[in-house]
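Student: I am new to this structure. Can you walk me through how its descriptions are justified?

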Amino acid sequence: MQNVIHGNIVDIFAKENKVAITDPVYPVYLDTNVMSGRSGKYNKEKGIYENIVYLPVTAENDFKPELPKEKVDMIYLCFPNNPTGTVLNKQELKKWIDYAKENKSIILYDSAYEAFIEEKEIPHSIYEVEGAKDVAIEFKSYSKTAGFTGVRCAYVVVPKNLKGYTKNGEEISLNNLWNRRTCTKFNGVSYIVQRAAEATYTKEGKKQIEENIKYYKENAKIIKEGLEEAGFKVYGAINSPYIWLKVPDGLTSWGFFDKLLEEVNVVGTPGSGFGPHGEGYFRLTAFGTRENTIKAMERIKNLNIQNY
């Protein structure tokens, strides 16, 4: 359902709008804008689209995207981040809110992984930051919080005072526009799934979710510590179910994928699959059993990464 919302929300924006996307990034953000005609031509050599503004998030900038050097209309932010597992605090998000206000931009904020946040200074919603209701649309999926992947349920928050602008500068209520689009082209989530989502807010439901999240957080800790013991540089894992690691020198992210698969029978996701700035990195996930998580780390520790 999160993917559906990402695909649908672009319907209320003009095809000419300039889009900024962090890179590496959850592919759906980019793909939906490609399908909507905003991306322009693809540069195969560079692995980028000519009309997309890419905002690198790498170890060099501490995984904190810099503000665009040009005016953009739509900004995709996801924190805790998929794939890097990194976060932004309130002060860092405030910079984006101020930029959006100054440039009449709209922030499309994905908080799908907020349930994994541990550190108190990290906001669970962009609306915890002053001014966000004037510039931000927020998405929230039950997929990772309540194990709804495949069941499909999510929601989107479009504040009533959030405005878009026509080419002539006329103000438009994005809440009204989204409501019209949704009522016209979407029949909603099935009733049984809605009741399941409702159950996650009950006392028993919250307890079960907390137990699941705790289980996956422990998996993330095991993976992080195991990788560091094996000599890898590791990011994420603390406020996120994702672990982002630097692949050994001399290997591409796909080359490292092959090594893991062939030598220790462990599967992960090559960083290049998330965009050009993901090259040289690799994503592992905490969404597995404890037994398999421990077994995978034992196998990876047997790799001699100095040999690559």
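Tutor: What follows takes up one strand and its surroundings in a predicted model.

Student: What makes strand E5 (residues 74-78) mostly covered?

Tutor: Buried means under 20% relative accessible area. In E5, 5 of its 5 residues are buried, so each falls under that cut-off.

Student: Which way do the residues of E5 point?

Tutor: Met74, Tyr76 and Cys78 point one way. Ile75 and Leu77 point the other way. All are buried.

Student: How do you know that E5 pairs with strand E1 (residues 19-23)?

Tutor: Pairing needs at least two bridges. E1 and E5 have 3 bridges, in the parallel sense, so they count as paired. Valine 19 has methionine 74 of E5 as its bridge partner.

Student: What makes E5 and strand E6 (residues 106-110) a pair?

Tutor: They share 5 bridges, again parallel, and at least two are required, so they pair. Leucine 77 has its bridge partner in E6, tyrosine 109. Between E5 and E6 the chain passes through helix H3 (residues 90-103), in a right-handed β-α-β crossover.

Student: Why is Tyr76 called part of a nonpolar core?

Tutor: Such a core joins buried residues of certain types, Tyr among them, through side-chain atoms within 4.5 Å. Tyr76 is buried and is one of the residues touching the most other members of the largest core, which has 31 residues, so Tyr76 belongs. E5 is among the elements giving two or more residues to this core.

Student: Which other core is there?

Tutor: Apart from it lies one of 24 residues, including Ile223, Leu227, Ile243 and Val264.

Notes:
Residues numbered from 1 in each chain as written. Predicted model: local features only at pLDDT ≥ 70, side-chain atom pairs only at ≥ 80, totals over all residues. Heavy atoms only, no water. Buried < 20%, exposed > 50% of the residue type's maximum accessible area, 1.4 Å probe, protein only. Helix = DSSP H or I, 4+ residues; strand = E, 2+ residues; numbered from the N terminus. Right-handed = clockwise from strand over helix to strand, strands pointing away.
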